[in-house]
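Hi everyone, thanks for making the time. I have one structure to walk through with you today, so let me put it on the screen.

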Amino acid sequence: AEQALAVTGQAPHGDEIAVFSASVGDMCAAIAISERCLTALSEQLGSRLSVTTPLLSTTHSGEHCVVIELVDNICYLRLYNSTLQLAEALEIGSDDELLFYLANILDATSTPITIPIYIIGSHSSAKMLKKYYKVVCE
């Protein structure tokens, strides 16, 4: 797990250790977390503790689409072209930032703007994106 995080520039620092999630298909998540924090969580939750992320969701897998899940100020974005092509967790402060990131990701991946975009979690963001894209609220 440490090597996987190091490749992406997210290697554990200080008292952090690398932890993997359970596999979902051929994917898993790796995070760096404070060893003290992990110990405290393990003591509190026991076997109920698990590592996961919305990026591992398989909702709409097999389609040609974008799935955006908004949780607080984090945008979990997945781009599918039958299989997962890209997964990003982006910190966003406004709908304008979401539009900026989405436009740049679609451009960088040569994805047509007519691709369906599924929005989970914010109807105000969906309303704004509907001006530019084919958006479906979930």
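I'll go through the sheet, then a helix, then the cysteines, and finish with the aromatic rings.

One thing to keep in mind throughout: this is a predicted model.

Let's begin with the sheet. Five strands make it up, and the sheet is open, with the strand order 5-4-3-6-7 and mixed pairing. Which strands stand at the edges? They are strand 5, residues 83–91, and strand 7, residues 134–137. Each has a single partner strand, so one side of each is left without a neighbour in the sheet. If you like angles, neighbouring strands here are turned by 20 degrees against each other on average, ignoring direction.

Now look further into that order, at strand 3, residues 64–71, and strand 6, residues 116–120. Those ranges belong to a pair that runs in the parallel sense, over 4 bridges. To find your place in it, look for Glu-69, which stands opposite Ile-120 in strand 6.

Next, helix 2, which covers residues 35–45. Its N-terminal end is capped by Ser-34: a side-chain oxygen of Ser-34 lies 3.3 Å from the backbone nitrogen of Arg-36. After the helix comes Gly-46, with a positive phi near 60 degrees.

On to the cysteines. How many disulfides are there? The count is 0. Take Cys-37: the nearest cysteine sulfur belongs to Cys-28 and is 20 Å away, and Cys-37 is in no disulfide. Cys-75 is in no disulfide either, with the sulfur of Cys-65 as the nearest one, 14 Å away. For a disulfide, the two sulfurs would have to be within 2.5 Å. As for their surroundings, Cys-37 counts as partly exposed, at 36% relative accessibility, whereas Cys-75 is buried, at 0%.

Last, the aromatic rings. Searching the whole structure turns up 1 aromatic pair. That pair is Phe-100 and Tyr-101, whose ring centres are 5.7 Å apart and whose planes meet at 65 degrees, so the arrangement is edge-to-face. The reasoning is simply that planes over 60 degrees apart count as edge-to-face. Are these two residues buried or exposed? Phe-100 counts as exposed, because its relative accessibility is 52%, and Tyr-101 counts as partly exposed, at 30%.

That's my tour, and I'm happy to go back to any part of it.

Note on methods: Residues numbered from 1 in each chain as written. Predicted model: local features only at pLDDT ≥ 70, side-chain atom pairs only at ≥ 80, totals over all residues. Heavy atoms only, no water. Phe/Tyr/Trp six-rings, centres within 6.5 Å; stacked < 30°, edge-to-face > 60°. Buried < 20%, exposed > 50% of the residue type's maximum accessible area, 1.4 Å probe, protein only. Polar contact = N/O pair within 3.5 Å; in protein donor to acceptor, adjacent residues only side chain to side chain. Helix = DSSP H or I, 4+ residues; strand = E, 2+ residues; numbered from the N terminus. Pairing = 2+ DSSP bridges. Axes fitted to C-alpha atoms, helices over the stretch in contact; angles between N-to-C directions.
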